[in-house]
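The exercises below ask you to work through salt bridges and one helix, with a solution after each task. Please have the sequence and the coordinates open before you begin.

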Amino acid sequence: MIWNESKECMSRDELMNLQSKRLVKTVDRVYHNVEYYRKKMQSVGIEPGDIRGVEDIHKLPYTTKDDLRDTYPFGLFATPMSEIVRVHASSGTTGKATVVGYTRRDIEIWSECVARAMTMAGIGRGDVVQVAYGYGLFTGGLGAHYGAEHLGATVVPQSTGNTKKLITMMIDFGVTAIACTPSYLLHIAETLENENLLGQIKLKSAVCGAEPWTEAMRLQIEDRLHIKAHDIYGLSEVMGPGVACDCEFHQGLHIAEDHFYPEIIDPETLEPLDANQPGELVFTTLTKEGLPLLRYRTKDLTSISYDKCECGRTSARISRFKGRSDDMLIIRGVNVFPSQIEAALLEMSGTTPHYMMIVDRTNNLDTLEVQVEVEERFFSDEIRELENLSKQIARTIQMAIGLAVKVKLVEPKTLERFEGKSKHVIDNRKLI
Ligand code: DLL
């Protein structure tokens, strides 16, 4: 819930007033502290005084991943580095990562948002929460970790990987809640079934996100593990997990609207759309100190409902995601842009920029094969040369995207050529 001073759920009017106040502060802050934003605002003739509340938000320019790339690594930070207590990073569209910075206050608010999301999933003090998102530059692990600690739950900082060990700890530590990607949770379910261990777990709820999944998959997880599964959304640029989460009614994800102002726009015309209209989700951060963002285009396609939820919450809800307006893929929870593969291939000798990514899902784990056309001479050389090149390409791609790949080398002119927009991805994953 988002409470007002009388400890009642905030009405939409109260919420809008709060958002307006916070927006005015944020705009003032970025204008005075971030040169890039000041110039961006000046280029459209906007000064802080022109923004008096959320009704003026459409006057502000959009922010995209390109802006973060152009100011890499810290150019959009609105505080001195001495105030930044943590950085995280996610994939950029090409070589450079998108870097985000948090002040101590940002981490506190983030932890509170994740704690709210976990509360919606019925998790609280006394629960043992196994965090099986990746720890490190990805926001999933530490984001869920701090949120669960903020709640007063006991955290098992498992991270990803060794599923057998995870299951042993799940049983031995009496884990009652898990935070991980939905596909990984299905893989865990399958392993538990195969090992006949389902009867030994105490799991009752899960907060899953970081990748697209369907309502059918959520119900399958609930059914197979006999738990409640909740959808949690977020993105590194805006904060990490906890920007929105679904309640026990599963009728869309409640946005932490006191911290993030949402809009839906037409990704082609960039015009704002009305409630319940499908389009691209845009967020303006309202309280962030380290990296405040104005109208950040998430590229995630969804719609927003402002109707009051059956649970009593008045916050806006986003519907399940319908895809993205760009070509970003999420493979094993890792964001991958085809352009990253292209950039990596172009750095190497002997390769061509002709490649095809084949994404599959086996035992609920994603796999990525990259087929690459290499120069003719490698096929007339010894097989060892070909094998060495294949290993070298796999290493280079893994370094670029942070994900192990299988590389298959093919002769020149083997892969399909396209007259219009080229296609570099075959995604065989079927979201159940
Ligand atoms: O995935 C943050 C996160 C961690 C969210 C753990 C939830 C749980 P990024 O790596 O920056 O951050 O990826 C953000 O992932 O723009 C969406 O396309 C996708 N995504 C995240 N959550 C969901 C979800 C984290 N619940 C990108 N459903 C976003 C569908 C999701 N897609």
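**Exercise 1.** Identify the residues that are linked in a network of salt bridges.

*Solution.* Begin with the criterion, by which a salt bridge is a side-chain nitrogen of Lys or Arg within 4 Å of a carboxyl oxygen of Asp or Glu. Applying it leads to a network of salt bridges that links Glu215, Arg218, Glu222, Asp231 and Arg320. Across the whole structure, the search returns 29 salt bridges.

Before going on, note that this is a predicted model, in which local features need pLDDT of at least 70 and side-chain atom pairs count only at pLDDT 80 or more, while totals for chains, interfaces and linings use all residues. Residues are numbered from 1 along each chain as its sequence is written, and side-chain values use heavy atoms, with hydrogens and water left out.

**Exercise 2.** For the salt bridges Arg52 to Asp56, Arg116 to Asp258 and Arg324 to Asp326, determine whether each partner is buried, partly exposed or exposed.

*Solution.* Step one is to fix the classes: buried means under 20% relative accessible area, exposed over 50%, and partly exposed in between (1.4 Å probe, protein chains only).

Step two takes Arg52 and Asp56, whose side chains meet at 3.4 Å, N to O; Arg52 is exposed, with a relative accessible area of 58%, whereas Asp56, at 6%, is buried.

Step three turns to Arg116 and Asp258, which meet at 2.7 Å, N to O, and link distant parts of the chain, 142 residues apart, with Arg116 in helix α4 (residues 104-120) and Asp258 in the loop between β9 (253-255) and β10 (260-265). Here helices (H or I, at least four residues) and strands (E, at least two) are DSSP runs, numbered from the N terminus. Both Arg116 and Asp258 are buried.

Step four considers Arg324 and Asp326, with closest N and O atoms 2.8 Å apart; Arg324 is partly exposed at 22%, and Asp326 is partly exposed at 24%.

**Exercise 3.** Establish which residues of helix α6 are buried, and what they pack against.

*Solution.* In α6 (residues 163-172), the buried residues are Thr163, Leu166, Ile167, Met170 and Ile171. They lie on the same side of α6 because they cover an arc of only 130° around the axis, the arc being that of the directions from the helix axis to the C-beta atoms. The face turned away from this buried side carries the exposed residues Lys164 and Asp172.

Next, taking contact as heavy atoms within 4.5 Å, the buried residues of α6 pack against β3 (128-131), β5 (177-180) and α7 (182-194). Finally, Gly174, with a positive phi near 65°, follows α6.
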